[in-house]
Amino acid sequence: MKIDLPFSPPEPGELYRAIVESSDDAIISKSLDGTIMSWNPAACRIFGYSTAEMLGRSIRNLIPAGRIHEEDLILARIRNGETVDHFETQRVRKDGELIHVSVTISPVYDARGIVIGASKIARDISRRVHREQRMRLMDRVFDATSEAIVVTDEQGVILEVNQAFSEITGYAREDVIGQHPRMLRSGRQAPEVHLAMLQTLLRSGHCQGEVWSRRKSGQAYAVMLSVSQVPDPSQGPRRYVALFADITLLREHQEQIEQLAHYDALTRLPNRLLLTDRLGQAIIKAQRQHSLLAIVYLDLDGF
């Protein structure tokens, strides 16, 4: 039974031409000396040159000065009938911008089977390369920073830590992955502090404060903690990133200063400055609660 097609199939030559013209990749043909013989619309878009500007010119116009040797190596392989698959390199646009490309270059044969040129497919991979470079930079920063970094999921389960975390806490990475940060809490810290920070984090997406934590050895240490919510652009689960630095020496120094300021160096008893401070707090509390405040004065000399 004969079936009438609603359209006439294109000739093979027309079909190939349509594929080349509509491709998102640059498709270029060149002779064995690197002279450009064809240049499709995607090549215009990727490299910035029109077809008229590039036909008859050398492919070397697209190659950065430090990579000219690549073309000689490529042509040598093409003359031997070899194909260059997914070779990642850099090329230069008309405006001088360097772009990252992945190229596949295949030999072109005549009817006698002799190599007469090459066809090149080039794909602009600049966005992917820049994204990978940024990720590698972030990885180096993550490991090189002197502040501890902890990444958790929405429930607070630890997903990742950096090297500084292990150096400060004494916990190896495998000790804490899958655990909850509460394992780091110290009994020296009032629970109300953690609760207040958590409420602030849930309300504003960020919290910061000074807290006491506990090393793997059990030793308490002070940290300046900052926690931020990291939104997921793809609307996936949220992540939280905590940064903290060991400020134990600074905290101990502050406590020594406060001790000297508020206590008598000889008797270790509270001095007049601390009395004034505590009395002021008591007066404010009494006024707020509408209660009475009693003060008892003892003369130690006559005691």
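Biologist: In which sense do strand β1 and strand β5 pair, and over how many bridges?

Modeller: First, a caution: this is a predicted model. Now the general idea. Strands of a sheet pair through backbone hydrogen bonds, either parallel or antiparallel. Here, β1 (residues 26-31) and β5 (residues 115-124) pair in the antiparallel sense, over 6 bridges.

Biologist: Which residue of β5 is the bridge partner of isoleucine 27?

Modeller: Isoleucine 121.

Biologist: How many bridges join β4 and β5?

Modeller: There are 9, again in the antiparallel sense, with β4 spanning residues 98-109. Serine 106 can serve as your marker: its bridge partner in β5 is serine 119.

Biologist: What links β4 to β5?

Modeller: The two strands form a hairpin, with 5 residues between them. Look at glycine 113 in the turn: its phi is positive, about 85 degrees.

Biologist: Now the open sheet. What is its strand order?

Modeller: Read across the 5 strands: β7-β6-β10-β9-β8, with antiparallel pairing.

Biologist: Which strands stand at the edges?

Modeller: β7 (158-161) and β8 (206-214) do. Each has a single partner strand, so one side of each is left without a neighbour in the sheet. As for twist, neighbouring strands of this sheet are turned by 25 degrees against each other on average, direction ignored.

Biologist: Over how many bridges do β9 and β10 pair?

Modeller: Over 8, in the antiparallel sense. β9 covers residues 220-230 and β10 covers residues 239-246. To fix the register, find methionine 224, which stands opposite alanine 245 in β10.

Biologist: Which strands does helix α8 lie across?

Modeller: Helix α8 (residues 191-204) lies across β8, β9 and β10. The helix runs at about 155 degrees to β8.

Biologist: On to helix α10. Is leucine 274 buried or exposed?

Modeller: Use the relative accessible area: under 20% is buried, over 50% is exposed. Leucine 274, in helix α10 (residues 272-289), has 6% relative accessibility, so this residue counts as buried.

Biologist: How far apart are leucine 274 and tyrosine 263 in sequence and in space?

Modeller: They are 11 residues apart in sequence and 7.4 Å apart in space, C-alpha to C-alpha.

Biologist: What is the relative accessible area of leucine 279?

Modeller: Leucine 279, also placed in helix α10, has 30% and is therefore partly exposed.

Biologist: Which residues make the nonpolar surface patch?

Modeller: Leu275, Leu279, Ile283, Leu293 and Ile295 make it. The patch has an area of about 440 Å².

Definitions and conventions. Residues are numbered from 1 along each chain as its sequence is written. This is a predicted model: local features need pLDDT of at least 70, side-chain atom pairs count only at pLDDT 80 or more; totals for chains, interfaces and linings use all residues. Side-chain values use heavy atoms; hydrogens and water are left out. Two strands pair if DSSP finds at least two bridges between them. Helices (H or I, at least four residues) and strands (E, at least two) are DSSP runs, numbered from the N terminus. Axes are lines fitted to C-alpha atoms, for helices over the stretch in contact, and angles run from 0 to 180 degrees between N-to-C directions. Contact means heavy atoms within 4.5 Å. Buried means under 20% relative accessible area, exposed over 50%, partly exposed in between (1.4 Å probe, protein chains only). Patches are made of residues with over 30% relative accessible area and no salt bridge: like charges are joined within 9 Å, nonpolar side chains (Val, Leu, Ile, Met, Phe, Trp, Tyr) within 5 Å. Accessible areas come from the Shrake-Rupley method with a 1.4 Å probe; for residues, only the protein chains shown count as cover. A salt bridge is a side-chain nitrogen of Lys or Arg within 4 Å of a carboxyl oxygen of Asp or Glu.
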